[in-house]
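Open the model in your viewer and keep the sequence beside it. The tour below goes from one selection to the next and says what to look for at each stop.

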Amino acid sequence: MSRLEALIGAPTEASALSGRATLFDILGMAIYALRGNWMRSTLTALGVIIGIAAVIIMVSVGQGTQARLDETMARLGSNRIEVMPNFGQSRGVRMGAESSFSLTTRDAQAIRQRIPGATYVSGMIRGGTQVIAAEQNWSTQWNGVEADYFIVNDWKLARGDTFSDADYRGAATHAIIGETVREKLFGDSDPVGTMIRVGRVPFTVIGEVAPKGESGWGGDMDDVIFVPLETARRRLMGQLEMPPGTLMRITVGTSTADDLPEVESALNDLLRELHKIEPGGEDDFRVRNLTELVGARTETTRLMSMLLAAVATISLIVGGIGIMNIMLVSVTERIREIGLRMAIGATPGDIQKQFLAEAMLISLGGGVIGIAIGVGGAMLASRYGSLPIELNLQVILLATGFAVATGLFFGYYPAQKAARLDPIEALRQ
Amino acid sequence: MSPVIELNTISKVYAAGTAAEVVALDQVSARILRGEFVAIVGPSGSGKSTLMNIIGCLDTPSSGSYRCSGVDVADLDASARAELRRTQIGFVFQGFHLLPRMTALENVALPLTYVGVPKAQRRERAARALQAVGLADRAEHRPNELSGGQQQRVAIARALINRPAILLADEPTGALDSHTGEEILALFEQLRIAGHTVILITHDPAVADHADRTLQIHDGHLVEVESKEGA
């Protein structure tokens, strides 16, 4: 105690003590307090962790699915209507075989002639078979199509040529193959001009279509061979016993999406007329609009997003209430500390900021952990649940914003309570 | 010299108007000049702690007026009173009021935080203050690892870290051995010489003898004012 002189000096003028605790200092105090009770701080943040993880997964899966759908729409061609035979049941009895063969070339022809909005029309039949090239063989699907098919479905050529009119008319044994088939049969070499056998029939490969990748339903769209419709009918359909002129599908394309509803209703009327279906009788065909199909998927995605949004909102509210609860306990526990801080000159504002900073840091910390878990979860969902995800900075900033807002909102009342304490009462505890 | 503390017929009544009404201070008037060393003496329950809280701008009187450094405290809101405390007053509380989760050094440095002293300087100045009270080797200890006397010295170092114009000390030698107590009282006398106003609250007349002047409080009345000769 011999160096007490060090404490002695002229009193400091009030003006020299006019500085204030900086926001940085107050954050430092908050971190100090939270570190002293890190277990409690972490548990308090749990609700926010779950909420923010849910927000991240929700938004990344939602955006990813939307992006995938948009891409699929673009790839499949959106101004498209499919007409298929109706395989449904009628009056409890599986309809006869002829109902599967209800569509014919005559229908396709009538659509071309009588529906002005049907810009592109292609009949199609298909089947599965082995294809063989030299030593390689591969089991794939063949599609017998007409020229419009490539336009409506947005298939582009990567190599070679498309079918000529003569090919269609003369039922030439020419084939255009998809990327997967080319890889399986030819590896990386150019297949154009090569002979392959489709089933037992030899064909010449005249082209390869550009890859489309996975379809929206998980299948490989590139695992396919195209041949002219007539060729398919005469050379490949042998094993499928179908009446002459039968089509398995008619693909109709319109110039704009706006024409779709009108063309769709015209199709229904025309086919009912051609198939002589009585008013009230059941259609022996089905008309499917791709936009509706994608719409249904969008709806599913939207429902899933809403569910996750509900989980996220509830977690954030529950997490926020947890923070509020712990902060109220903390204010009561540290009432002497608050009194002392006030006695040495902390203003109510300083105290309020300190407790707000603590609440905000708890939820921000929870947010950061939640983001890590959310990003990890989204990646797992994409890897093992084959859900498309899209992670971007906006999502992460949004989640951080939610976390901070939760802390500030639910920390406000406890902080206000601390700031309003009477220093005398607080010191007396 | 101008009065730094000016109490005019101050009363403090708790639970006014009820059966439990307690008059802690009754019509107390006093003037303490800048640079005076004054002891307020009284038995426990006499109202001396209430008086200290009012002088320290922690509490407000029920009636009467109090001017601290010329400012009427009744006109100040909680923030302005906090500013007055921050810039003018250092407290040594009877119960020390050290923050249990902080080290001795951090406790001493705390008032510096609220006047915006940068962290490195805070630690350096707090270390010097601890050294001055003989606790350099206890800087990183928490209050529960310190003896009562050591805690009291930490509290004194904290009260003096900003060299406040007014030092309010409630039984500052209560936990100290008589030798250390004498040293602290000698320190207060030196502070007074350096220009500080020192107000010492004690029940011990021997401690009060170190002051220039003693105000005696009894049952809420300031009953006697005695001055040292020549002061």
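Which residues in α1(A) are buried? Select helix α1 of chain A, residues 23-35, to find out. The buried ones are A:D25, A:I26, A:M29, A:A30, A:A33 and A:L34. An α-helix has 3.6 residues a turn, so residues three or four places apart point the same way. The helix has 13 residues, and from its first C-alpha to its last it reaches 18 Å, close to the 18 Å expected at 1.5 Å a residue. Keep in mind on this tour that the model is predicted.

**Chain A: two domains and a loop**

Colour chain A by its domain assignment. Domain 1 takes residues 21-70 together with 296-428, and domain 2 takes 87-283. The C-alpha centres of these two domains of chain A are 56 Å apart.

Next, select A:K276, which sits in the loop between α8 (260-274) and β12 (285-289) of chain A. Is this residue buried or exposed? A:K276 is exposed, because 7 other C-beta atoms lie within 10 Å, and 12 or fewer is the cut-off for that class. Its backbone is also worth a look: phi is near 55 degrees, a positive value in a residue other than glycine. Most residues other than glycine have a negative phi.

**Chain B as a whole**

Now hide chain A and show chain B. Its 7 helices and 10 strands can be picked out in a cartoon view. The radius of gyration of chain B is 18 Å, close to the 17 Å from the globule rule for 231 residues, so chain B is as compact as a globular protein of that length. Along its principal axes, the C-alpha trace of chain B spans about 50 × 40 × 40 Å. Of the 231 residues in chain B, 52% are buried. Among the contacts in chain B with a separation of 6 or more, 67% are between residues 24 or more positions apart.

**An open sheet in chain B**

Select β1, β2, β4 and β5 of chain B. These 4 strands form an open sheet in the order β2-β1-β4-β5, with antiparallel pairing. Which strands stand at the edges? They are β2 (22-33) and β5 of chain B; each has a single partner strand, so one side of each is left without a neighbour in the sheet.

Move to β1 (residues 3-14) of chain B. This strand runs antiparallel to β4(B), and 5 bridges join the two. To see the pairing at one position, select B:I5, whose bridge partner in β4(B) is B:C68.

**Two loop residues in chain B**

B:C68 turns up again at the next stop, B:V73. This residue lies in the loop between β5 (71-72) and α2 of chain B. B:V73 counts as partly exposed because it has 19 C-beta neighbours inside 10 Å, while 20 or more would make a residue buried. Apart from neighbours within four places in sequence, B:V73 is in contact with B:C57, B:T60, B:Y66, B:C68 and B:R81. Add B:I54 to the selection: it is 19 residues from B:V73 along the chain, and their C-alpha atoms are separated by 9.3 Å.

From that contact list, select B:C57, in the loop between α1 (48-55) and β4 (63-68) of chain B. B:C57 is buried, with 24 other C-beta atoms within 10 Å. Its phi is positive, about 60 degrees, although it is not a glycine.

**A covered strand in chain B**

Select β7 (residues 166-170) of chain B. This strand is mostly covered, with 5 of its 5 residues buried. B:I166, B:L168 and B:D170 point one way, while B:L167 and B:A169 point the other way.

Then show the strands that pair with β7(B). Strand β6 (residues 89-92) of chain B runs parallel to β7(B) and is joined to it by 4 bridges; here B:F91 stands opposite B:L168. Strand β8 (residues 197-202) of chain B also pairs with β7(B) in the parallel sense, over 5 bridges. In β8(B), B:I201 is the bridge partner of B:D170.

**Where the chains meet**

Finally, show both chains again. The contact takes 41 residues from chain B and 34 residues from chain A. On the side of chain B that touches chain A, the elements giving two or more residues are α2 (78-88), α3 (104-113), α4 (119-132) and α6 (178-194) of chain B. Which element gives the most to this side? It is α2(B), with 8 residues. By type, the residues on this side of chain B divide into 19 nonpolar, 14 polar and 8 charged.

Note on methods
Residues are numbered from 1 along each chain as its sequence is written. Chains are lettered from A and ligands numbered from 1 in the order in which they are written. This is a predicted model: local features need pLDDT of at least 70, side-chain atom pairs count only at pLDDT 80 or more; totals for chains, interfaces and linings use all residues. Domain bounds come from an automatic or database domain assignment. Two residues are in contact if their C-beta atoms, placed from the backbone, lie within 7 Å. Ala, Val, Leu, Ile, Met, Phe, Trp, Tyr, Cys and Pro count as nonpolar, Asp, Glu, Lys and Arg as charged, and the others, Gly among them, as polar. The radius of gyration is taken over C-alpha atoms; the globule rule is 2.2 Å times the number of residues to the power 0.38. The expected span of a helix is 1.5 Å times one less than its number of residues. Two strands pair if DSSP finds at least two bridges between them.
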